[in-house]
Amino acid sequence: MRFMMLMIPLGYESAPPDVQLDPERVAAMMRYNEALKDAGVLITLEGLHPPSMGARVSFATGDPIVTDGPFAEAKEVLGGYWMIEVASRAEAIAWAKKCPASSNEIIEIRQVHEMSDFPADVQKAAAEFEGLKK
């Protein structure tokens, strides 16, 4: 089963474009990342620039409208993610609990939809896109 662990650093919604990272915290996180890799569960991971450098495309009017960050209405934003493959939700939670997160960080765990999770008609509709994992 694939799970995405989403890092939600509280306060990151107002971080400046040149946000400075604490080298000690980065080193601790790299040790955690190495443990995921060594256990053979890590698929990929990435950190994200703050919302002040992002953009949102909304479709509320039927036409795409672009809003540059930061986003005033944002309360929680993603700071990064890990994609892992483990045997169960409980194992994904166990890995998240090992993360050296600070008191202002939350990890949300979400299972990835696999094609086999969908009914046959949905699988057929998606079959033409070769990039989907079966």
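Leaving aside its neighbours within four places in sequence, which residues is Trp95 in contact with?

1. This is a predicted model, in which local features need pLDDT of at least 70 and side-chain atom pairs count only at pLDDT 80 or more, whereas totals for chains, interfaces and linings use all residues. Residues are numbered from 1 along each chain as its sequence is written, and side-chain values use heavy atoms, with hydrogens and water left out.

2. Beyond those sequence neighbours, Trp95 is in contact (heavy atoms within 4.5 Å) with Met5, Tyr32, Ala35, Leu36, Ala39, Val41, Ile84 and Val86.

3. The largest nonpolar core (buried Ala, Val, Leu, Ile, Met, Phe, Trp, Tyr and Cys residues joined through side-chain atoms within 4.5 Å) has 15 residues, of which Met5, Tyr32, Leu36, Trp82, Ile84 and Trp95 touch the most other members. Two or more residues each come from strand 1 (2–9), helix 1 (23–38), strand 5 (80–85) and helix 2 (89–97), these elements being DSSP runs numbered from the N terminus (helices H or I, at least four residues; strands E, at least two). A second, separate core of five residues includes Tyr12, Phe71, Ala74 and Val77.

4. In helix 2 the buried residues (under 20% relative accessible area, with exposed over 50%, for a 1.4 Å probe and protein chains only) are Ala92, Trp95 and Ala96. They lie on the same side of helix 2 because they cover an arc of only 100 degrees around the axis, taken from the directions from the helix axis to the C-beta atoms. Ala90 and Lys97, on the other side of helix 2, are exposed.
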